[in-house]
Amino acid sequence: MIDKCMENNKIVGRQKERALMEALILSDKPELVAIYGRRRVGKTFLVKQHFVDRMTFCFSGTYQASRSTQLALFAREINTQFNIDVDIPKDWFSAFDLLRIALENNISEKKIVFIDELPWLDTPKSNFIQAFSFFWNTWGSTQSDLKLFVCGSATTWMLDKLIGDKGGLYGRVTRQIYLSPFSLRETELFLSEVKQIFWDRMQILNVYMVLGGIPYYLNMIDKQLSLESNIDQLFFAKGAPLRSEFNFLYRSLFGDKSMAKQVVIALSEKLKGLTREELCARLKIKQNGNLSECLNNLVHCDFLRVYNSFGKGVKGQMYQLCDMFSLFYLRFVDENSGQDEQYWSNCSKTGSISVWSGYAYEQVALLHLLQIKKKLGISGVLTNSCSWSVKPFVDVDGGSWNGAQIDLTIDRNDSFVNLCEIKYSKDEYVITKEYDMILRERMSCFKHVTKTRKSLLNTFITIFGVKRNNYSGIVDSEIILDDLFVD
């Protein structure tokens, strides 16, 4: 569990979430709070550390344990935490009745209860959700001092069976809290304050492109090792702790028979994304409800991004792999033989790494759209952000166009469109004469195809900025790496 391995138990970031949790504790009514988010993102750690020494009762489901085992563990925790002696309940209705009695006899001013990994308790034929619903509806919802926090990594279960339940729990969740991965700035704070690692921002970016903003993974970094050696130890060395993480991650979230992993693998091979139709063709499956459920699950769990291509509406909807860990694993670890324990150190400067770095940085930038908008001074402007591309074509007038592709378009409600180029470069990015011509043709093509009347602005998102030369004047605005670290 992540809360056992954080070295100084310091909570980094999460200010909004903590403020909300504290406000709920101070409320004068019963609260049923659902906390959800991608696995390994730090949900358990946040709740336990925020309420340290204030928790009335805490229990966590166990992965793939039987109902009888879960009930035995539940009884054991009631005995231990309330210092009483109860028998193992025969079912979840009896188990929650034991919890009710224990809470009624507790004299705490506020009864803070935390049930973690709720989906793992909902084993087949266990009637767990029915018992939980009965417990809350008949007793919990009448107790103004009860603050019940529930948590789960299986985001789909949390959204469908709890937050969006159409049965006994319909409308019963008083507040939901979504916990997202760390931003670059939060990652920087985590490394410095928790791990005592003081890397420069280029190094932080590079580790973010491998591990994403996932605290559980970041906590495995050894401050005695270089960045490259850390990646080797985590993925390529004998017994590397993250080498088997990919399969466990998807199995624990979606089950062994889910198509989720197939979808992710297919999207890792087409980095710009695929439509539903293209996904079906690659996977040789039919479009149906199962695919829709799978795609929604992956989007809600922060593995996929869904967006509409500029001007194409819902029919142009694209799905793109945006989970940094999955992208790195499928590109470099999945088919790696494991014979070279210094694989990353040995190939980190090769061409294949450079290509991956370019795409990974693009994903990092897209994960920091709020920071990009802030730098552009349009935080308060309504926008729609997406990519755009068109294949070579001949228009009705016989004009020939080479086609174009734009990493990111920011369609603004103030009569402007930012055409963003995202470039990973270890030095200032140089615009050549040839590239200047490509940019100008791209602007003409975009205006011709989209028929937009808005003014077009060329925006470059780079690491260290654009080098000033005879062709840099085509750039209207710039975003550099430091801008992505803004809170």
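Among contacts in the chain between residues at least 6 apart in sequence, what percentage join residues at least 24 apart? The share is 69%. The model is predicted.

**Figure 1. Overall fold of the chain.** The chain holds 22 helices and 14 strands. Its radius of gyration is 25 Å, close to the 23 Å from the globule rule for 487 residues, so the chain is as compact as a globular protein of that length. The C-alpha trace spans about 80 × 50 × 45 Å along its principal axes.

**Figure 2. Burial and surface of the chain.** Buried residues make up 54% of the 487 in the chain. The exposed area of the chain is about 22,500 Å². Carbon and sulfur atoms supply 48% of that area.

**Figure 3. Charged side chains.** Positive side chains number 60 and negative ones 56. The centres of the two sets lie 3 Å apart.

**Figure 4. Location of R14.** R14 sits in a loop. Helix α1 (2–5) lies on one side of that loop in sequence, and α2 (15–26) on the other.

**Figure 5. Charge environment of R14.** R14 is buried, yet has no salt bridge. Which side chain of opposite charge is nearest to R14? That side chain is E186, 4.5 Å away. A salt bridge needs a side-chain nitrogen of Lys or Arg within 4 Å of a carboxyl oxygen of Asp or Glu.

**Figure 6. Contacts of R14.** Neighbours within four places in sequence are left aside here. R14 then contacts V41, L46, L179, S180, P181, F182, E186 and P215. E186 thus appears both in this list and as the nearest side chain of opposite charge.

How values were computed
Residues are numbered from 1 along each chain as its sequence is written. This is a predicted model: local features need pLDDT of at least 70, side-chain atom pairs count only at pLDDT 80 or more; totals for chains, interfaces and linings use all residues. Side-chain values use heavy atoms; hydrogens and water are left out. Helices (H or I, at least four residues) and strands (E, at least two) are DSSP runs, numbered from the N terminus. The radius of gyration is taken over C-alpha atoms; the globule rule is 2.2 Å times the number of residues to the power 0.38. Buried means under 20% relative accessible area, exposed over 50%, partly exposed in between (1.4 Å probe, protein chains only). Contact means heavy atoms within 4.5 Å. Accessible areas come from the Shrake-Rupley method with a 1.4 Å probe; for residues, only the protein chains shown count as cover. Lys and Arg count as positive and Asp and Glu as negative; His and the chain ends are not counted. The place of a charge is taken as NZ of Lys, CZ of Arg, CG of Asp or CD of Glu.
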